[in-house]
Amino acid sequence: MNWDIIGALGEWVGAVAVVVTLFYLARQIHQQNVNTSLQMQHSIVEGFNQANHLLASSKEISSLFVRGLWTPDDLDDEEASQFQWILRLYVNQYLKIYRLHQQAQLSEGDWLGHSAQGAYFLSAPGGRIFCDLHGEAFRDFFEAMTKARSDSAGIDVTFGRRPAGVA
């Protein structure tokens, strides 16, 4: 057999092996991206589940959260502190969602859906106090949430139970 033919055959087999390897790697990367997306979605849901479980497990805590949002001046020091920590649970979730949206890992529609609720919380009197206390550290986030509030104005996040006098 001629060495030129063997060399050409070897190059051809090598080229086929490279193409097969590239297809395999593309499939693996796609699967990894799907898994990462599912993990991200699970993380978001799990974070909200934990915060929601806290509110749903106690009428007193749920009441404290609502009073903290709408009449924060009526809270004593301990209640105000407790409210701030509860609100922080939600803010941390919305901050995670905002960062994922910034990195183009969360769609615009998903961002608007999630941020509508967060913007509603942060625009309440107790939420504005929270923003004032933490404004420097999270300025870009709070600005995005303010914009989200106007962008998602048609989304009802209150289940039709807005506090009296709240638009």
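Which residues does leucine 122 touch, not counting residues up to four places away in sequence? Hold that thought for a moment, everyone, and thanks for coming. What we have on screen is a predicted model, so please hear everything I say in that light.

Back to leucine 122. Its partners are Val91, Gly127, Arg128, Phe130, Cys131, Phe141, Phe142 and Met145. Leucine 122 also belongs to the largest nonpolar core, a set of 35 residues. Together with Phe65, Tyr90, Tyr94, Trp111, Phe121 and Phe141, leucine 122 touches the most other members of that core.

Let me step back to the overall fold. The protein chain has six helices and zero strands. All six helices give two or more residues to the core I just mentioned: helix 1 (3–56), helix 2 (59–70), helix 3 (77–102), helix 4 (108–123), helix 5 (125–134) and helix 6 (139–151). Helix 3 provides the largest share, with 10 residues. For context, nonpolar side chains in soluble globular proteins tend to be buried together.

Some chain-wide numbers for those of you who like them. Out of 167 residues, 31% count as buried. Among contacts with a separation of 6 or more, 68% are between residues 24 or more positions apart. The accessible surface is about 11000 Å², and carbon and sulfur atoms account for 58% of that.

Now one of leucine 122's partners, phenylalanine 130, which sits in helix 5. Why do we call phenylalanine 130 buried? Because its relative accessibility is 1%, and the cut-off for buried is under 20%. Leaving aside neighbours within four places, phenylalanine 130 is in contact with Gln84, Leu87, Arg88, Val91, Leu122 and Phe142. Take Arg88 from that list: the two residues are 42 apart in sequence, yet their C-alpha atoms are 8.6 Å apart.

Glutamine 84, over in helix 3, is another buried one, at 17% relative accessibility. Beyond its sequence neighbours up to four places away, glutamine 84 touches Gly126, Ile129, Phe130, Leu133 and His134.

Serine 115 in helix 4 is buried too, at 1%. The side chain of serine 115 reaches the backbone oxygen of tryptophan 111 at 2.7 Å. With residues up to four places away set aside, serine 115 touches Met145 and Ala148.

On to charges. Side chains of opposite charge can pair when their charged atoms come close. How many salt bridges does a search of the whole structure find? It finds three. In one, arginine 99 meets aspartate 140, with the closest N and O atoms 2.8 Å apart. Arginine 99 is in helix 3 and aspartate 140 in helix 6, so this pair ties together parts 41 residues apart in sequence. Both partners are partly exposed, arginine 99 at 28% and aspartate 140 at 32%.

Glutamate 79 and arginine 67 form another, at 3.3 Å from N to O. That one links helix 3 with helix 2, across 12 residues. Then there is arginine 139 with glutamate 136, at 2.2 Å. Here arginine 139 is partly exposed at 42%, whereas glutamate 136 is exposed at 66%.

Last stop, the outside. Leu9, Trp12, Val13, Val16 and Val20 make a nonpolar surface patch of about 490 Å². Valine 20, found in helix 1, is exposed, with a relative accessible area of 52%.

That's my tour, and I'm happy to rotate the view for anyone who wants another look.

Note on methods. Residues numbered from 1 in each chain as written. Predicted model: local features only at pLDDT ≥ 70, side-chain atom pairs only at ≥ 80, totals over all residues. Heavy atoms only, no water. Helix = DSSP H or I, 4+ residues; strand = E, 2+ residues; numbered from the N terminus. Buried < 20%, exposed > 50% of the residue type's maximum accessible area, 1.4 Å probe, protein only. Contact = heavy atoms within 4.5 Å. Areas by Shrake-Rupley, 256 points an atom, 1.4 Å probe, with all protein chains shown as cover. Core = buried A, V, L, I, M, F, W, Y, C linked by side-chain atoms within 4.5 Å. Patch = residues over 30% accessible without salt bridge, like charges linked within 9 Å, V, L, I, M, F, W, Y side chains within 5 Å. Salt bridge = Lys/Arg side-chain N within 4 Å of Asp/Glu carboxyl O. Polar contact = N/O pair within 3.5 Å; in protein donor to acceptor, adjacent residues only side chain to side chain.
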